[in-house]
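Q: I am new to this structure and would like a close look at a single part of it, taken slowly and with the reasoning spelled out. Please start from one residue and work outward from there.

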Amino acid sequence: MTDSRINDNGARAIGVAVLGMGNVGTEVVRILTDNAADLQARVGAPLELRGVAVRNLNVPRDGVDPALLTDKPEDLVARDDVDIVVELIGGIDPPRMLIRESLQSGKSVVTANKALLADYTGELATAAAGAKVDLYFEAAVAGAIPVIRPLMQSLAGDTVNRVAGIVNGTTNFILSAMDADGSDYEETLAEAGRLGYAEADPTADVEGYDAAAKAAILASISFHSRVTALNVYREGISKITAADLVSAQALDCTVKLLSICERIVGEDGQQRISARVYPALVPLEHPLAAVNGAFNAVVVEAENAGRLMFYGQGAGGAPTASAVLGDLVMAARNKVHGGRGPLESTYASLPIAPMGDVRTRYYVSMRVADRAGVLATVAGEFSSRGISISTVRQEGAGDDARLVVVTHRAPDAALSETVAALEKLEAVLSVSSVLRLEGTNE
Ligand SMILES: NC(=O)C1=CN([C@@H]2O[C@H](COP(=O)(O)OP(=O)(O)OC[C@H]3O[C@@H](n4cnc5c(N)ncnc54)[C@H](O)[C@@H]3O)[C@@H](O)[C@H]2O)C=CC1
Ligand SMILES: N[C@@H](CC=O)C(=O)O
Ligand code: NA
């Protein structure tokens with residue numbers, strides 16, 4: 001009997017199954033087809049597409065042999081001639097079951113599914129370890145930018161203390177457009193969907209769930225601990241207004257949705273992890289302020305390497321497919337030559353610090369009664385909680401009088417308590433905007 005995986009020159013072909021043919025899957029199939037000869041040379045064996053699972057068989061798929069299409073991903077991943085499964089469906093079910101079964105039956109898996117990984121890396125990595133196969137996910141964080149492999153491999157001998165940056169392309173696309181020309185939030189979000197940046201449900205983008213999933217993945221790898229999405233403090237950008245961006249400009253800042261993963265060392269020497277996502281003011285001179293559109297950037301601070309910055313396209317079909325193909329080539333090489341990439345490492349098991357303990361800076365803008373003594377009353381709310389004010393500015397007069405306060409660093413719990421107290425003051429008519437300020441040394 002002939003082995004269907006033996007090609008003409010005798011090298012054993014590597015069978016690939018692609019699950020999902022949306023923004024990313026379509027580009028992966030295109031590159032696999034167009035670059036077949038180069039990929040074969042790099043792997044040392046041909047990569048052969050055994051099948052593509054789609055939800056709707058009636059949708060025309062240009063450039064794909066219809067015989068390869070199936071709407072039964074569970075049958076495709078069970079085939080003996082499939083060595084590597086590329087999961088690009090998204091969401092928890094059915095990818096969780098499909099990936100687990102693929103791994104358990106000895107197939108390596110490449111996925112871009114950060115929502116799944118943020119909660120189930122433990123389960124999937126255990127299945128991969130048990131079957132001695134690879135589970136790769138470079139595309140899951142910051143699209144095309146190599147960040148998972150540098151953290152897992154290049155920095156494996158160093159101590160990472162902080163990983164922070166912009167890891168969601170959709171929200172960065174929206175905030176950049178609002179900042180540049182006052183573009184409308186809803187229209188820009190719709191455009192991000194058309195360009196293939198947004199998640200199938202864009203709530204994941206604008207409410208910060210996607211950035212939080214990525215923060216969980218980054219924190220787990222960086223601090224050798226298991227961090228899930230539930231451990232990540234999260235705020236999205238849906239409440240950011242054009243007025244916030246104008247206020248930011250007045251402070252020589254812009255607004256960015258940041259994902260911050262930090263090793264916090266207490267006075268007793270105990271280490272904890274802070275993982276958090278929120279829109280923040282970023283000074284214009286900070287490198288992250290210049291990251292616009294669907295671009296992402298991640299700044300890593302490691303004890304010996306110092307500061308490293310990774311920058312590039314964080315979303316979109318082709319850029320994301322580039323990262324998927326990189327993983328696919330690695331997994332295929334391992335199938336051909338033997339060996340395996342690293343799986344998760346959780347030996348440090350660091351606890352999570354609650355958001356209230358994290359030291360942040362606040363920007364608070366409020367409408368106030370225009371009369372003597374108001375400034376002292378407002379300042380008193382900050383000082384009574386041990387918070388030092390960095391700058392305070394009065395804008396407007398009469399009915400339009402506003403106070404803008406920027407604090408030094410203080411525990412986040414004390415700052416949010418102060419805002420709640422300010423809202424109750426008779427002299428404060430309304431707190432119109434509260435944002436954290438990042439990217440400063442104060
Ligand atoms: N679009 C992007 O820029 C990036 C996406 N990702 C991730 O990559 C994955 C795919 O993203 P996109 O391609 O943008 O999503 P998409 O929504 O465009 O594509 C998913 C495809 O899977 C298909 N599908 C759904 N259920 C299926 C099933 N049971 N069997 C077969 N096919 C099924 C859908 O019909 C759709 O065509 C997601 O996990 C996403 O979070 C990661 C990085 C960037
Ligand atoms: N929706 C995500 C896609 C990439 O991960 C984003 O906008 O960043
Ligand atoms: Na990446």
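Is D210 buried or exposed?

A: In this predicted model, D210 has a relative accessible area of 5%, and because the limit for calling a residue buried is under 20%, D210 counts as buried. The side chain of D210 takes part in a salt bridge with K114, in which the closest N and O atoms are 3.2 Å apart. This pair links distant parts of the chain, since D210 belongs to helix α10 (residues 209–223) while K114 belongs to helix α5 (residues 114–131), and the two residues are 96 residues apart. K114, for its part, has a relative accessibility of 13% and is therefore counted as buried too. As a general matter, side chains of opposite charge can pair when their charged atoms come close.

The pair is one of 28 salt bridges in the structure, and a few others help to place it. E438 and R276 form a salt bridge whose closest N and O atoms are 4.0 Å apart; because E438 lies in the segment after β17 (428–437) and R276 in strand β10, this pair ties together parts that are 162 residues apart in sequence. Here again both partners are buried, E438 at 3% relative accessibility and R276 with a relative accessible area of 1%. R79 and D81 also meet through their side chains, at 2.9 Å from N to O, but in this case R79 is partly exposed at 33% relative accessibility, whereas D81 is buried at 16%. These two residues belong to a network of salt bridges that also includes E48 and R50.

A salt bridge is found between domains as well. The chain is divided into domain 1 (12–142 + 316–335), domain 2 (146–313) and domain 3 (353–435), and across the interface of domain 2 and domain 3 there is one salt bridge, together with four residue pairs in polar contact. The side chains of R272 and D357 meet in a salt bridge with an N to O distance of 3.1 Å. Domain 2 and domain 3 bury about 1100 Å² between them, 65% of it on carbon and sulfur atoms, and on the side of domain 2 the residues that lose the most area to domain 3 are L251, R272 and L281, which together make up 35% of what that side buries.

Key:
Residues are numbered from 1 along each chain as its sequence is written. Chains are lettered from A and ligands numbered from 1 in the order in which they are written. This is a predicted model: local features need pLDDT of at least 70, side-chain atom pairs count only at pLDDT 80 or more; totals for chains, interfaces and linings use all residues. Side-chain values use heavy atoms; hydrogens and water are left out. Domain bounds come from an automatic or database domain assignment. Buried area is the accessible area (1.4 Å probe) that two parts lose on being put together, summed over both. A polar contact is a pair of N or O atoms within 3.5 Å; within protein, one must be able to donate a hydrogen and the other to accept it, and residues adjacent in sequence count only if both atoms are side-chain atoms. Buried means under 20% relative accessible area, exposed over 50%, partly exposed in between (1.4 Å probe, protein chains only). Helices (H or I, at least four residues) and strands (E, at least two) are DSSP runs, numbered from the N terminus.
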